Amino acid sequence: MKEVTCICGWTCRGTEDEVVAQVMAHGRDAHGIESTREEILAIAVEVPPPPASPAAD
Ligand SMILES: [Zn+2]
């Protein structure tokens, strides 16, 4: 799982593809910047996945 923190404090998490898509959309909407997948992955950090929630059965 990856996490990206923007210079404005906005963060997102998800798979590599999800983070790339979210950061591209955020950069465009919030900053008017087009980011490439390479640029995004360069600032993405690997984070542990969230703990599994207990079965609510
Ligand atoms: Zn931002």
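User: When is a residue counted as buried in this predicted model, and what percentage of the 57 residues is buried?
Analyst: A residue is buried if 20 or more other C-beta atoms lie within 10 Å of its own, and exposed if 12 or fewer do. The model considered here is a predicted one. With that cut-off, the buried share of the 57 residues in the protein chain is 11%.

User: Which order do the elements of the protein chain follow from the N terminus on?
Analyst: The protein chain holds 2 helices and 3 strands. Read from the N terminus on, these elements run β-β-α-α-β.

User: Is the protein chain spread out or compact, and what is its radius of gyration?
Analyst: The C-alpha trace spans about 45 × 20 × 20 Å along its principal axes. For 57 residues the globule rule gives 10 Å, and the value for the protein chain is well over that, so the chain is more spread out than a compact globule, with a radius of gyration of 13 Å.

User: In what order do the 3 strands lie in the open sheet?
Analyst: Strand S1 is joined to S2 by 4 bridges, and the two run antiparallel. S1 is also joined to S3, by 2 bridges and again antiparallel. The 3 strands therefore form an open sheet with antiparallel pairing, in the order S2-S1-S3. Each of the edge strands pairs on one side only, and these edge strands are S2 and S3.

User: Which residue in S2 stands opposite glutamate 3?
Analyst: Glutamate 3 belongs to strand S1 (residues 2–5), where it is on the uncovered face together with Thr5, while Lys2 and Val4 make up the covered face. In S3, the residue opposite glutamate 3 is valine 45. In S2, the residue opposite glutamate 3 is arginine 13.

User: Which residue in the turn of the hairpin has a positive phi?
Analyst: Threonine 5 of S1 has threonine 11 in S2 as its bridge partner. S1 and S2 form a hairpin with 5 residues between them, and the residue in its turn with a positive phi, of about 100 degrees, is glycine 9.

User: What angle does the direction of H1 make with that of S2?
Analyst: H1 covers residues 16–31. This helix packs on the sheet, where it touches S1 and S2, and its direction makes an angle with that of S2 of about 150 degrees.

User: Which element gives the most to the largest nonpolar core?
Analyst: The largest nonpolar core has 5 residues, namely Val4, Val19, Val20, Val23 and Ala44. One of them, valine 23, touches Val4, Cys12, Ser35 and Ile40 when residues up to four places away in sequence are not counted. With 3 residues, the element that gives the most to this core is helix H1.

User: Is valine 47 buried or exposed?
Analyst: Valine 47 lies in the segment after strand S3 (45–46). Leaving aside its neighbours within four places in sequence, valine 47 is in contact with Met1, Lys2, Glu3 and Arg13. Because valine 47 has 10 other C-beta atoms within 10 Å, and the cut-off is 12 or fewer, this residue counts as exposed.

User: What distance separates the C-alpha atoms of valine 47 and lysine 2?
Analyst: Valine 47 and lysine 2 are 45 residues apart along the chain. In the model, the separation of their C-alpha atoms is 5.6 Å.

Key. Residues numbered from 1 in each chain as written. Predicted model: local features only at pLDDT ≥ 70, side-chain atom pairs only at ≥ 80, totals over all residues. Contact = placed C-beta atoms within 7 Å. Rg over C-alpha atoms; globule rule 2.2 N^0.38 Å. Core = buried A, V, L, I, M, F, W, Y, C linked by C-beta atoms within 7 Å. Pairing = 2+ DSSP bridges. Axes fitted to C-alpha atoms, helices over the stretch in contact; angles between N-to-C directions.
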